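Student: I would like a close look at one strand and its neighbours in this model. Please place that part in the whole first, then go through it residue by residue.

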Amino acid sequence: MRDWKALVRARVGPLSLDGARDADIVAELAQHAADHFAELVANGIDDREAERLALAPLNDRDRVALQIAGADRPRNPAPDPPPSGGTALANIPRDVRYAVRLLRRSPGFAAAAIITLALGIGANAAIFSVVRAVILRPPPYHDASRVVAFLNGKTGATGSITSSSLPDYEDWRRQLTSFSSIGILSGWTFNATGLDLPERLFGARVSGSLFPLLGTPALLGRTIEPSDDGPSGDEALVLGYRVWQRLFAGDPNVIGKPLMLEGRPHYIIGVMPARFRFPTDDTEVWAAIKNNMTGMPRNGRFMAAVARLKDGVSIAAAQTEVDTVEAQLEAAYPDTNRGWRVRLGGIHDVAVGDAKPALLTLVAAVGFVLLIACANVANLLLARATSRSRETAIRLALGASRRRIVAQWLTENLVLSLTGGLFGVAIAFAVTRVIVTAGPPGVPRLDETDVDVAVLAFTFGISLVAGVLPALLPAFRAAKSSTSSSLKEGVGGSATTGRNRAGATLIVCEVALAMTLAVAGALLLKSYARLAAVRPGFDPAQVLSLKVFLTPPRYRTVAQNKQFIASALDRLNQISGVESAAAISQVPISDPSSTQLFDAEDKPTAPGDRPAAGYRAVSASYFKTMRISIVRGRPLTDDDRIDTPLVVVVNEATAKRVWPSENPIGKRIKWATGVPQFDSQWHTVVGVAADVKSNGLDRPEAAAIYAPYTQRMFPWLRWTGFVLRTQSSPDGYARIVRQELTNIDPMQPIYEVHSLEHVIAQSVSTRRFHTGLIDLFAALALGLASVGVYGTISYWVSERSREIGVRMALGADARSVGMMVVGRASVLTAAGIALGLALSIATSRLLTTLLFNVQPFDPPTVVGVATLVSGVAIAAAYIPARRAARLDPLTVIRGE
Amino acid sequence: MSDDRELRKGSAELLILSLLEERDRHGYELAKLIDRRSGGELTFHVASLYPILYRLERKGLIQGRWVEKSGERRRRFYRLTAHGEKTLALQRRSWHTFFAALNRVARLRQA
């Protein structure tokens with residue numbers, strides 16, 4: 001039994017805009033065809049022929065549709081539209097079904113559009129999920145917008161959160177009235193013992209006010225309260241989520257248990273939720289300050305102060321009060337406070353800090369990729385629109401309003417973009433996994449990156465945008481096209497010219513965006529290459545570094561501390577394969593510098609203007625081990641002992657700062673710590689060491705002074721690093737080094753055992769990460785743009801095939817035809833490159849903070865990228881050019 | 001060609017209205033009757049007949065409705081409306097006048 005309705009439906013397409021009426025007509029035509037068929041069969045005609053004859057009149061679908069529509073419309077007066085766009089909504093399911101049917105019929109087009117959109121949307125969703133984790137999601141503090149950080153710094157310099165001192169804090173607490181509460185903390189390294197292995201935990205000692213101020217409830221137990229911060233009583237300890245998992249396997253009965261830190265029991269009172277990481281991501285435990293920091297000098301600026309604004313007090317008003325108090329402190333303590341100022345910053349902004357410009361660049365980059373993807377899809381749609389102009393005309397003739405036509409187009413494209421969005425989410429899932437596992441350690445909360453509801457909502461949103469944006473141009477062009485002209489067979493002149501112009505504009509924009517992104521990518525790549533090529537001033541190859549943190553009770557005195565270092569050097573030097581081992585209080589690049597004020601004997605300064613230098617306690621073997629050259633005088637030697645004259649080696653930066661035109665050898669300095677017993681003795685400069693990139697490859701070396709560790713007097717600087725030059729791969733020595741040090745003191749944790757090359761690589765990992773991502777997106781943009789160029793030029797060639805045929809018939813050879821096509825592509829590409837250049841100059845400001853030793857406008861880079869972009873574009877145009885050159889003129893001219 | 005088509009279209013309306021004057025009929029029956037009664041000179045197929053029916057229906061000259069008879073498939077029957085009857089009378093008169101004129105000029109026999 002034949003399904004006549006289906007047979008008819010397959011031939012006629014849409015007949016009426018009224019669904020019921022449409023079905024009615026099909027049913028009636030089907031009935032007619034069935035009757036006809038029955039009669040033909042009754043007359044002895046075989047079934048297949050009868051079916052063919054019965055349906056033959058319907059084969060000219062456009063005409064049938066037009067005639068029926070012309071006769072049937074308007075049938076009944078249109079029913080009143082439901083009040084609020086109900087008709088449009090009612091049309092959606094039908095439009096969607098129709099769209100899906102149409103797209104299934106052109107799988108090549110659909111796949112191209114969906115893949116393009118999926119890439120664009122996926123990249124955006126992934127970067128959005130990073131931005132959300134790092135920037136948008138507020139930290140888990142109660143009303144985080146009211147919490148401010150004290151950014152302390154010398155006038156003119158950017159303040160940092162870890163530059164406050166305990167005495168300043170006490171004064172702030174007494175005098176400032178803008179805040180309901182002020183708290184302070186100090187980063188603290190705890191040596192934990194009593195576990196399977198001694199372990200170094202990084203955490204903080206906090207004032208009793210800090211946790212109540214932040215207001216994050218504990219996951220288990222409670223947080224540190226003011227009563228825990230008294231001078232007497234047990235040490236209370238709050239665990240971070242990760243250390244709770246790592247050391248206690250998430251045991252809920254951990255509350256009340258002691259953990260041996262610094263040889264004393266610290267009683268666990270609470271566990272914080274995973275998202276609480278104050279002040280930095282790597283903070284694992286919190287204890288109260290108690291009396292652990294008594295006697296800290298006013299210029300011991302390494303603590304972080306935060307405060308909660310009182311209700312109704314603005315950050316600006318609080319800043320005014322802070323300025324007043326700071327001026328008073330400066331007047332009262334000129335020695336230590338001259339020139340120091342505090343700027344208040346929102347706690348979240350401060351935490352996000354450096355990550356922001358890089359992330360915004362990434363956002364811009366993926367935005368560009370999406371725009372290019374949209375332009376590509378718009379181009380595809382334009383090409384399709386031209387081939388569908390007859391269909392559109394029929395629909396218009398059928399009485400479709402232009403609005404309905406546009407709505408249908410939009411629906412079609414939304415089906416594409418939402419499908420693309422689905423794949424995009426899959427891409428985002430994969431990309432965020434990679435970002436979380438391979439991401440650099442420097443980006444705060446990067447590991448919280450997740451494709452969650454907000455990301456899905458965002459993806460849905462941009463999918464809608466990506467659905468509407470590319471469809472607008474072709475949709476309105478389609479709706480504008482005149483019915484009669486499009487129905488005429490040889491779709492000629494004006495429509496295609498317009499389509500070509502629109503396509504050309506899109507291509508110019510695509511190339512411009514790709515060019516901008518490629519310039520940014522190239523600049524970052526160049527920056528990275530320059531950074532990687534920076535010579536650190538020491539030879540990092542085959543050097544292993546490691547750290548110990550020597551704390552009470554076993555290392556209460558400086559002498560005990562030195563004793564450990566001496567024994568360690570002794571043992572490390574005896575390991576076979578170790579060329580030399582040395583101790584240093586600041587492992588280059590990896591450790592922060594410990595800055596100390598000093599006075600030069602022959603250059604007296606006013607109190608406030610004293611020079612400062614990084615203080616580095618080293619063993620005599622340090623310069624040899626690191627291969628740091630001594631440019632003047634002598635290095636330190638094993639003969640510089642506690643009982644010999646005090647000596648120091650200064651670096652070139654110090655020499656330049658203090659004795660710019662003199663020989664520093666023989667000059668004398670003394671420390672200005674504010675503690676009389678350390679400040680009374682003169683040290684003689686015996687040598688000048690070459691500068692090294694101690695604070696990072698991208699930072700100039702600051703003034704630094706090397707002193708023999710044997711002559712060190714300060715009780716602070718409990719941390720010590722060791723460096724070993726080895727004869728083979730340094731990582732192979734990690735185990736034996738640990739073992740040797742454990743033999744000296746089985747209770748002493750050893751941490752950060754890494755080759756110096758690894759340390760350097762880590763220090764540039766954030767840049768490498770951003771550069772890698774931007775370059776990935778730039779490559780994606782370039783790829784998409786080249787697809788766009790290919791598509792547009794191919795279409796241009798197919799539109800012009802007759803002209804090309806005529807030219808060839810008139811004697812043009814294949815070469816000149818190819819050149820004509822490539823020429824067309826070159827013109828568009830050149831326009832795009834020019835526009836892209838303007839765009840990259842306009843956006844270069846975004847990049848400035850990310851660049852190293854490269855100007856945002858770098859002519860060689862621009863020229864290189866322009867060459868690359870035009871090369872890619874012309875390569876993309878080459879395929880259609882070759883096709884054009886191979887056209888057979890006769891076939892083409894006769895063909896249409 | 002196109003003149004022929006116009007003529008046919010015009011005449012087709014008259015034919016259909018006349019056939020429906022006798023009784024209600026469905027589309028296929030109309031096509032068969034026109035074919036038979038014109039001796040095969042006038043033929044309507046599915047794609048040419050229905051636009052005419054729909055136009056007549058739109059003008060309110062005929063009215064279609066689905067009728068289900070036992071043992072047969074559902075068919076759409078058309079009947080002449082009152083307005084259709086008047087129009088048919090008018091058309092008959094004008095065709096009559098037209099043919100008379102043609103006959104006088106071109107010595108055609110009235111069909």
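Tutor: In this predicted model, 44% of the 896 residues of chain A count as buried. Chain A has a radius of gyration of 37 Å, where a compact globule of 896 residues would have one near 29 Å. The C-alpha trace of chain A spans about 125 × 65 × 55 Å along its principal axes. Among the contacts in chain A with a separation of 6 or more, 82% are between residues 24 or more positions apart. The secondary structure of chain A amounts to 29 helices and 21 strands.

Three domains are assigned in chain A: domain 1 covers 4-79, domain 2 covers 156-338 and domain 3 covers 555-746. The centres of domain 2 of chain A and domain 3 of chain A, taken over C-alpha atoms, are 30 Å apart. These two domains touch through 7 residues from domain 2 of chain A and 7 residues from domain 3 of chain A. On the domain 2 side, helix H11 (residues 334-337) of chain A gives the largest share, 3 residues. By class, that side of domain 2 of chain A holds 2 nonpolar, 3 polar and 2 charged residues.

Now the strand itself. Strand E17 of chain A runs over residues 668-671. In a regular strand the side chains alternate between the two faces of the sheet. Along E17(A), Ile669(A) and Trp671(A) point to one face and are buried. Arg668(A) and Lys670(A) point to the other face and are not buried.

Strands of a sheet pair through backbone hydrogen bonds, either parallel or antiparallel. E17(A) has two pairings to describe here. One is with strand E13 (residues 595-600) of chain A, which runs antiparallel to E17(A) and is joined to it by 3 bridges. In this pairing Asp599(A) stands opposite Lys670(A). Lys670(A) is one of the residues on the face that is not buried. The other pairing is with strand E18 (residues 683-689) of chain A, again in the antiparallel sense, over 2 bridges. Here the bridge partner of Ile669(A) is His683(A) in E18(A). Ile669(A) is on the buried face of E17(A).

A helix residue can be set beside the strand. Leu569(A) is found in helix H19 (residues 558-574) of chain A. Leu569(A) counts as buried because 20 other C-beta atoms lie within 10 Å, and 20 is the lower limit for that class. Leaving out residues up to four places away in sequence, Leu569(A) touches Ala581(A), Ala583(A) and Ser619(A). Arg845(A), 276 residues from Leu569(A) along the chain, is separated from it by 50 Å between C-alpha atoms.

Chain B offers a second sheet to read in the same way. Its open sheet has 3 strands in the order E1-E3-E2, with antiparallel pairing. The edge strands are strand E1 (25-26) and strand E2 (62-67) of chain B, each of which pairs on one side only. E1(B) pairs with strand E3 (residues 75-80) of chain B in the antiparallel sense over 2 bridges. In that pairing, His26(B) has Phe77(B) in E3(B) as its bridge partner. Phe77(B) also gives a reference point for Glu29(B): the two are 48 residues apart in sequence and 9.6 Å apart in space, C-alpha to C-alpha. Glu29(B) lies in helix H2 (residues 27-37) of chain B. Glu29(B) has 17 C-beta neighbours inside 10 Å and therefore counts as partly exposed.

The two chains meet where 16 residues of chain A are in contact with 14 residues of chain B. On the chain A side, helix H2 (19-42) and helix H4 (61-72) are the elements that give two or more residues. H2(A) gives the largest share, 7 residues. The chain A side divides into 7 nonpolar, 5 polar and 4 charged residues.

Last, the confidence values. The predictor gives the complex an ipTM of 0.86 and a pTM of 0.73. Chain B has a mean pLDDT of 81, and 87% of its residues reach 70 or more. Where pLDDT is low, the predicted coordinates should not be read in detail.

Technical notes: Residues numbered from 1 in each chain as written. Chains lettered and ligands numbered in written order. Predicted model: local features only at pLDDT ≥ 70, side-chain atom pairs only at ≥ 80, totals over all residues. Domains from an automatic or database assignment. Helix = DSSP H or I, 4+ residues; strand = E, 2+ residues; numbered from the N terminus. Nonpolar A, V, L, I, M, F, W, Y, C, P; charged D, E, K, R; others polar. Rg over C-alpha atoms; globule rule 2.2 N^0.38 Å. Buried ≥ 20, exposed ≤ 12 C-beta atoms within 10 Å, placed from the backbone. Pairing = 2+ DSSP bridges. pLDDT = per-residue confidence, 0-100.
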